[in-house]
Amino acid sequence: MQSYPKAFHEFHQAMTQLLTFPYGQEAGEIAARIVRRVQYHLHENPPKTVTGWSEKDIFLITYGDTLYDNSEQPPLQVLKGFLDGYLNEVINTLHILPYLPYSSDDGFSVIDYLSVNEQLGSWQDIEAIASDYQLMSDLVINHVSRESLWFADFVSGHQPGRDYFIEEDPDTDLSEVTRPRNSPLLVPIHTRRGLKHVWATFSEDQMDLNFKNPDVLIQMVDILLFYLARGTMVIRLDAVAFLWKKPGTHCINLPETHAIVKLFRLIMERACPGSTLLTETNVPHDENISYFGDQDEAHMVYQFALPPLILHALNRGTEKYLVQWARKLPDYPESCTVLNFTASHDGIGLRPLTGVIPENEVSELIDSMHRFGGFVSMRTLSDNTESPYEINIALFDAMKGTRRGEDQWQVQRFLCSQLIMLGMRGIPAFYIHSLFATHNDLAGVESSGRTRSINRRKWLLEELLPELENPVSIRSLVFHSLLNHIKVRKQEPCFHPNASQTILDMAPGIFTFLRTSPCGRRKLVAIHNLTSAHQTLNQPDYIGWFDLLGSGTLQDLQLKPYQVLWLAKTP
């Protein structure tokens, strides 16, 4: 029996209880191994003082090399220079997408979890960013690169990696397994022990880890603590919904997976109080928010339904389905919230629309995105048919027009989409290309052979900055408009993540919600014209309210195409 101070004894007991379900009688020893690691971490890394989230929290998502210049300066240093010069008063949390050595999938096929990709910079560069911004890092937990040392061990039959991966008989019925891709689930691998068929949910280069082996769990705990020690304050569990495998099931969102998410939250709250656990679970909405658990799993989940719903609403000029969905959103637990976003390094996922928007309207949306230069990725269903999985397009170009075709309202429509995200309950996250109004990168798609590259352009700073500083360029208009909107939001208590949200009925084509500050004294009504038509609203109750976005004190409610009003009032 281990002997701990009382606090760590309770920590050990809590972990043992969580681990008993997936690991049975081994739970106590696994918990003891974790306690020792957390104790050492705290000895070397005293906890920081961290305040809770507020209306001032703004996330930015970027690759480490989205920005580069013609000097020999590493891209991570270029990125920090841009942040310090343009965004230091705007964003406070930076998500640098995987900055580790990798073999494919733009970083999500990790070769070495403990090194920084030397083409980006060094741990010193990462820590410099973490000293000025809250850093969010990916823990790519479901799979590793087949070029990793762990997988080399598997092939050669050496420990520790020999037992880190999932071997499966190819005759096993795996038809129920939920797939996000249409590549084969089992990859044939020639090893010293003969031909093995290895589980690979995402691609033949991304080999799934076997969490039934407790040593794999311990390795991931070590990596988690390593990232926290390097200054990471937000951990994003990539593709975590697929973590536990059990043939005969869908192999997604299994109870064992939830138990391990609870374990990671418990470890983070002990090892780094104030840190945040975010789960990346691109699944239908009810499954997604199940990762809040009973306030004992993720602190934060992505609002995956928001990007396709906003896109559909603006493409069709209707608030109908956005309103129906938003009305059903639950009150999040006080210690939990959502990360709102409209674009990311991936495409715009379509799975969250299942049962929300009619299939014919989803098909029409896809047709529009094809006309605007986008692509659609497919996934394989259990009956071997294919279904649309995500739209691949730069968000700015997704706003070129409506289902009727292109028009002159691209900038206004795009800004409307961003203001919806900024106003809704939760914390907003901007993909860096949204700030720059980046167009479809078709050259990137041709070069990489991957449709997701359409939204992953790399900007030469000497090309970007003149456009951002040219007051008559569209790129500058979008960039500075968004920065001004963000600055307004950060001063408004009604946008606190815990401020209540009520969806209001106003008129067809108008999406409206009420936010009330946590103290209950201040109210804000956000009104969004989702159409290209001028709208006159008969809402006398709001006359005299003040529009934070620049219209002043309202004398009437005349809305231009895609105009947004933030009407505030303190009783």
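## Close-up views of a barrel and an open sheet

**View 1. Strands S14 and S15 pair in the antiparallel sense**. In this predicted model, strand S14 and strand S15, the latter made of residues 386-392, are joined over 6 bridges. One residue pair to look for is Phe375, whose bridge partner in S15 is Asn392. As general background, the strands of a sheet pair through backbone hydrogen bonds, and they do so either parallel or antiparallel.

**View 2. An open sheet of 3 strands has the order S13-S15-S14**. The pairing within this open sheet is antiparallel, and its edge strands are S13 (348-349) and S14 (375-380), each of which pairs on one side only. Helix H11, made of residues 359-371, lies across S14 and S15, and the helix runs at about 45 degrees to S15.

**View 3. A barrel is closed by 8 strands**. Following the strands in the order S1-S3-S4-S9-S10-S11-S12-S18, the reader can trace the closed barrel, in which the pairing is parallel. From one strand to the next, the twist averages 25 degrees.

**View 4. Strands S11 and S12 of the barrel pair in the parallel sense**. Strand S11 covers residues 300-302 and strand S12 covers residues 337-341, and the two are paired over 3 bridges. Among the residues involved is Tyr302, which has Leu339 in S12 as its bridge partner.

**View 5. Helix H6 lies across strands S4 and S9**. The helix is made of residues 214-229, while strand S4 spans 134-140 and strand S9 spans 232-238. Helix H6 runs at about 165 degrees to S4, and both S4 and S9 belong to the barrel.

Technical notes
Residues numbered from 1 in each chain as written. Predicted model: local features only at pLDDT ≥ 70, side-chain atom pairs only at ≥ 80, totals over all residues. Heavy atoms only, no water. Pairing = 2+ DSSP bridges. Helix = DSSP H or I, 4+ residues; strand = E, 2+ residues; numbered from the N terminus. Axes fitted to C-alpha atoms, helices over the stretch in contact; angles between N-to-C directions. Contact = heavy atoms within 4.5 Å.
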